[in-house]
Amino acid sequence: MEEEHDRVQQFLSSDGGDSSMTGEQSAASVFGLIAKDSTERRHRSGLNGGLQGRSLKGGATMNIKRVLQRNMNVNWADTTRNSLLFLFFGYFG
């Protein structure tokens, strides 16, 4: 907790942090509104969304699953398990 406080205080006392992001984006990442992994991924991909050079395979259903998992963070294993348990206990319970 104290480390986070020190990090935020250091950001507030400095000129605004990283020059590759706008002030609002860098403030959001410092205050914990943007996950650290997503900012690192954005910098590695060159801020273009990371779509260049990626070959997508699997057809339309796989593409839909990828889009859902990227946008809504769906955990397919738990979702399938919970829906099957719901159906089982709904029928026999």
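**Exercise 1. Where is the place of Tyr91 in the protein?**

Let's start by placing this residue. Keep in mind that you're working with a predicted model.

Step 1. Get the overall layout: the protein has five helices and zero strands. Walking along the sequence, you meet the pattern α-α-α-α-α.

Step 2. Now find the residue: Tyr91 sits in helix 5. That helix covers residues 76-92.

**Exercise 2. Classify the ring pair Phe88 and Phe92: stacked, tilted or edge-to-face?**

Step 1. Search the whole structure and you get three aromatic pairs. In one of them, the ring centres of Phe88 and Phe92 are 5.0 Å apart, with the planes at 55°, so this pair is tilted.

Step 2. Check the cut-offs if you like: under 30 degrees is stacked and over 60 is edge-to-face, with the rest called tilted.

Step 3. Look at the positions in the sequence. Phe88 and Phe92 are both in helix 5, four residues apart, which is about one turn of the helix.

**Exercise 3. Buried, partly exposed or exposed: which word fits Phe88, and which fits Phe92?**

Step 1. Phe88 has a relative accessible area of 43%, so call Phe88 partly exposed.

Step 2. For Phe92 the value is 59%, so Phe92 is exposed.

**Exercise 4. What kind of pair do the rings of Tyr91 and Phe92 make?**

Step 1. Here the centres lie 4.9 Å apart and the planes are at 85°, so we have an edge-to-face pair.

Step 2. Add the exposure of the partner: Tyr91 has a relative accessible area of 68%, so Tyr91 is exposed.

Step 3. Zoom out a bit. Ring pairs join Phe88, Phe89, Tyr91 and Phe92 into a cluster.

**Exercise 5. Which residues form a nonpolar patch on the surface?**

Step 1. Take the residues of the ring cluster, Phe88, Phe89, Tyr91 and Phe92, and you'll find them in the patch together with Leu85.

Step 2. Note the area: the patch has about 620 Å² of accessible area together.

Step 3. Set that beside the whole protein, whose accessible surface comes to about 8100 Å², with 56% belonging to carbon and sulfur atoms. As for the inside, buried residues account for 12% of the 93 residues.

**Exercise 6. Which ring does the charged end of Lys65 sit over?**

Step 1. Look for the ring of Trp76: the charged end of Lys65 sits over this ring.

Step 2. Read off the distance, which is 5.8 Å from the ring centre. The cut-off for this kind of contact is within 6 Å of the ring centre.

Terms used: Residues are numbered from 1 along each chain as its sequence is written. This is a predicted model: local features need pLDDT of at least 70, side-chain atom pairs count only at pLDDT 80 or more; totals for chains, interfaces and linings use all residues. Side-chain values use heavy atoms; hydrogens and water are left out. Rings of Phe, Tyr and Trp (its six-membered ring) pair if their centres lie within 6.5 Å; planes under 30 degrees apart count as stacked, over 60 as edge-to-face and the rest as tilted. Helices (H or I, at least four residues) and strands (E, at least two) are DSSP runs, numbered from the N terminus. Buried means under 20% relative accessible area, exposed over 50%, partly exposed in between (1.4 Å probe, protein chains only). A charge sits over a ring if NZ of Lys or CZ of Arg is within 6 Å of the ring centre and within 35 degrees of the ring normal. Patches are made of residues with over 30% relative accessible area and no salt bridge: like charges are joined within 9 Å, nonpolar side chains (Val, Leu, Ile, Met, Phe, Trp, Tyr) within 5 Å. Accessible areas come from the Shrake-Rupley method with a 1.4 Å probe; for residues, only the protein chains shown count as cover. A salt bridge is a side-chain nitrogen of Lys or Arg within 4 Å of a carboxyl oxygen of Asp or Glu.
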